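User: I'm new to this structure and would like a close look at just one part of it. Could you take me through a single sheet, strand by strand?

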Amino acid sequence: MQITGGAGYDESGLLRLAPGESYTSPVFAGLWSAAGFGGASRAWHAWQLAHVIPDASKPRPVLYNSWEATRFDIAEEQQRALAERAAVMGVELFVVDDAWFGQRVSDRAGLGDWTPNPERFPNGLGPLAEHVHGLGMRFGIWVEPEMVNPDSDLYRAHPDWVQHFPGRERTEFRNQLVLNLARPDVRAYLWERLDALLSGTPVDYVKWDFNRCFSDAGWLGADYPQRLWTEHVDALYALIDRLRAAHPGVAFESCSGGGGRIDLGILSRTDQVWTSDNTDPLDRLAIQEGFGQIHPARVMAAWVTDSPNLQLNGRSSSLRFRFVSAMAGVLGVGGDLTEWSGAELDEARGWVELYKEIRPVVQLGELYRLRAPGDGFSAVQYVRGADTVVLMWLHAQRYGEETPALRLRGLDAEATYTCLDTGAVHHGSVLLHHGLRTGLSGDLDARVLRLRRG
């Protein structure tokens with residue numbers, strides 16, 4: 001057996017300390033379980049909920065995010081229309097994604113200029129936020145504070161603020177560069193802009209993105225440039241901590257090109273994380289399986305998006321399959337609601353209502369992975385007190401092949417369990433050792449099962 005840990009594995013892990021200086025490393029956390037992978041996962045989940053995640057006992061709200069509906073073509077009236085449909089569906093948090101700021105008409109411009117675009121939001125974000133609040137929802141925004149586009153007022157004023165090596169061409173990914181948060185003037189600017197934004201607009205939620213890696217981690221004029229690696233992260237943590245202290249009612253989501261920055265350091269400062277930019281509901285099952293090995297469903301954001309999924313693979317799936325897939329974590333919706341039919345909106349409202357009923361069990365219960373996605377038929381189970389929730393998905397069905405019985409876990413073999421959906425009563429020993437028939441058939445079918453111990 002081998003165990004390794006530390007702040008870095010190359011120059012990023014080297015520090016130069018002057019006489020009398022000290023360095024405090026990140027927490028090195030580990031555990032041992034005699035209950036296999038499932039037992040280790042549940043132990044990690046319980047430890048993170050108890051010691052790492054802020055306000056972990058409070059379930060996260062159902063959100064709507066406008067990105068896939070609008071991308072960079074954004075306007076206040078359009079956001080109002082989406083918000084009205086989201087409210088009818090039962091959404092609790094409405095998030096305006098990219099392109100509300102600066103000259104952000106594409107991914108080539110505007111990052112760093114954190115003021116509302118005057119053409120798209122003539123009176124700022126306040127009127128939209130108030131409209132969202134009037135619909136009974138909280139209001140959120142997207143930001144990417146650590147990045148800057150060369151085509152921005154910020155970069156034109158301070159080209160020296162980005163990470164780069166003297167004498168080398170600066171590398172752009174997604175048409176953006178990385179700001180050097182280790183510099184005090186960069187930290188001061190970001191604090192000033194973000195604090196003003198949260199102070200001047202009734203914002204309840206911030207989706208904090210980070211869409212490219214470090215490739216030019218140089219620091220012009222620094223006596224020891226390698227310290228950028230640790231000091232950038234320390235500065236990021238300090239900035240989020242300061243914002244949370246100044247605006248205690250604001251929740252934060254960490255996003256990093258999808259799930260690129262999910263660790264205990266960021267989880268101790270954010271309320272949930274974005275797992276992947278891949279929102280295909282079938283692909284997500286495997287992504288969520290991996291995420292759940294370490295982290296609890298309470299922090300895993302998952303969206304229901306449009307079908308066919310033209311952004312990714314063109315796969316078509318039912319609203320049922322998409323919702324049950326996303327119910328495995330913190331439920332969100334990201335489709336273009338203005339294109340959904342009345343029947344689809346009605347069905348979606350029913351799924352949101354069901355999720356709100358099972359939410360405490362899913363987000364705060366113990367997770368049992370019953371069948372892995374690679375089997376073609378997968379399922380997960382959550383247990384909290386007397387309540388059990390099972391989410392199951394049939395990926396594809398061969399001719400003449402019956403879906404096998406699903407054996408549950410974590411139940412009392414001596415107790416009886418009533419299905420809240422059918423009224424049927426099951427003995428715990430039968431559910432554990434024989435299982436139950438799922439009723440799934442065809443391709444991309446899904447079901448939610450609710451049980452209560454008698």
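How many bridges join β13 to β16, and do they run parallel or antiparallel?

Analyst: Happy to. Before the details, a word on the model: it is predicted, so local features need pLDDT of at least 70 and side-chain atom pairs count only at pLDDT 80 or more, while totals for chains, interfaces and linings use all residues. Residues are numbered from 1 along each chain as its sequence is written, and side-chain values use heavy atoms, with hydrogens and water left out.

Now your question: β13 and β16 run antiparallel, and 8 bridges join them. Strands here are DSSP runs of E with at least two residues, numbered from the N terminus, and two of them pair if DSSP finds at least two bridges between them. In general, strands of a sheet pair through backbone hydrogen bonds, either parallel or antiparallel. One spot to look for in this pairing is Leu394, which stands opposite Asp445 in β16.

Let's zoom out to the sheet itself. It's an open one with 6 strands, and reading across you get β11-β12-β13-β16-β14-β15, with antiparallel pairing. At the edges stand β11 (366-371) and β15 (425-427); each has a single partner strand, so one side of each is left without a neighbour in the sheet. On average, neighbouring strands are turned by 25° against each other, direction ignored; the axes behind that angle are lines fitted to C-alpha atoms.

Back to β13, which covers residues 387-394. Of its 8 residues, 7 are buried (under 20% relative accessible area, with a 1.4 Å probe and protein chains only), so the strand is largely enclosed by the rest of the structure. On the β12 side, 8 bridges join strand β12 (residues 377-384) to β13, and these two run antiparallel. Here Tyr382 stands opposite Val389 in β13. β12 and β13 form a hairpin with 2 residues between the strands, and in this hairpin Gly385 takes a positive phi near 60°.

What about the other neighbour of β16? That is β14 (residues 416-419), which is joined by 3 bridges to β16 (residues 445-453), again antiparallel. Try finding Cys419 there: its bridge partner in β16 is Leu451.

So, to walk the middle of the sheet once more: β12 connects to β13 through 8 bridges, β13 to β16 through 8 bridges, and β16 to β14 through 3 bridges.

Definitions and conventions. Helices (H or I, at least four residues) and strands (E, at least two) are DSSP runs, numbered from the N terminus. Axes are lines fitted to C-alpha atoms, for helices over the stretch in contact, and angles run from 0 to 180 degrees between N-to-C directions. Buried means under 20% relative accessible area, exposed over 50%, partly exposed in between (1.4 Å probe, protein chains only).
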